[in-house]
Amino acid sequence: MKLKTTALLIASLLVLAGCDQAEKSAQQLMGKAAETAKQAIDDTHKAAEQALSDATGGLISKKEQPAKETDKTESSSQEI
C-alpha cells in the first residue's frame, strides 16, 4: 500500500512540475508574441507617418514645433 501511495505522490509531483514548465513556456511565448506585435505596430506607425509626410509634401511636421519656432513660422508666412 505504501508503494502505491508513494508512486501516486511522485506521479502527482511530476504532473505539477510539468504544468509549471508548461506555464513558464506559455508566458515566454506570450512575451515574445507581445514584443513582435509591438514592433509591428511601431513599424506600421512609422510607415503611416512617412506616407502622410510624402502625401502632404512635408506640410505637416512629425512633431509639433515649440512656441518660439511656431511664431517665427507664422511671421514668415505672413510676410509672403
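## Close-up views

**View 1. D20 is partly exposed, with a relative accessibility of 37%.** This is a predicted model, so keep that in mind for every view here. D20 pairs up with K24 in a salt bridge, and their closest N and O atoms sit 3.6 Å apart. K24 is partly exposed too, at 43% relative accessibility. Both D20 and K24 belong to helix 1, with four residues from one to the other, or about one turn of the helix. An α-helix has 3.6 residues a turn, so residues three or four places apart point the same way.

**View 2. D42 and K38 make a salt bridge, with N and O 3.0 Å apart.** Why is the gap between D42 and K38 about one helical turn? Because the two are four residues apart in helix 1. D42 comes out as partly exposed, at 34% relative accessible area; the cut-offs here are under 20% for buried and over 50% for exposed. The structure has two salt bridges in total, and side chains of opposite charge can pair when their charged atoms come close.

**View 3. L9, L13 and L16 build a nonpolar patch on the surface.** The patch covers about 320 Å². L9 sits in helix 1 and has a relative accessible area of 52%. That value makes L9 exposed, because the label calls for over 50%.

**View 4. Residues 1–17 carry a "signal peptide" feature in UniProt.** The label comes from an unreviewed entry. In the model, this stretch is 94% helix and 0% strand. From end to end, the C-alpha atoms of residues 1–17 are 24 Å apart.

**View 5. Helix 1 runs over residues 2–56, with G57 right after it.** Does the length of helix 1 agree or disagree with what its 55 residues should span? At 1.5 Å a residue the expected span is 81 Å, and the end C-alpha atoms are 80 Å apart, so the two agree. G57 then has a positive phi, near 65°.

**View 6. The whole protein, for context, has two helices and zero strands.** How many of the 80 residues count as buried? The share is 0%, where a buried residue would need under 20% relative accessible area. The accessible surface adds up to about 7500 Å², and carbon and sulfur atoms account for 63% of that area.

Terms used: Residues are numbered from 1 along each chain as its sequence is written. This is a predicted model: local features need pLDDT of at least 70, side-chain atom pairs count only at pLDDT 80 or more; totals for chains, interfaces and linings use all residues. Side-chain values use heavy atoms; hydrogens and water are left out. Patches are made of residues with over 30% relative accessible area and no salt bridge: like charges are joined within 9 Å, nonpolar side chains (Val, Leu, Ile, Met, Phe, Trp, Tyr) within 5 Å. Accessible areas come from the Shrake-Rupley method with a 1.4 Å probe; for residues, only the protein chains shown count as cover. A salt bridge is a side-chain nitrogen of Lys or Arg within 4 Å of a carboxyl oxygen of Asp or Glu. Buried means under 20% relative accessible area, exposed over 50%, partly exposed in between (1.4 Å probe, protein chains only). UniProt positions are given in the numbering used here, feature names are shortened, and annotations may be inferred rather than shown by experiment. The expected span of a helix is 1.5 Å times one less than its number of residues.
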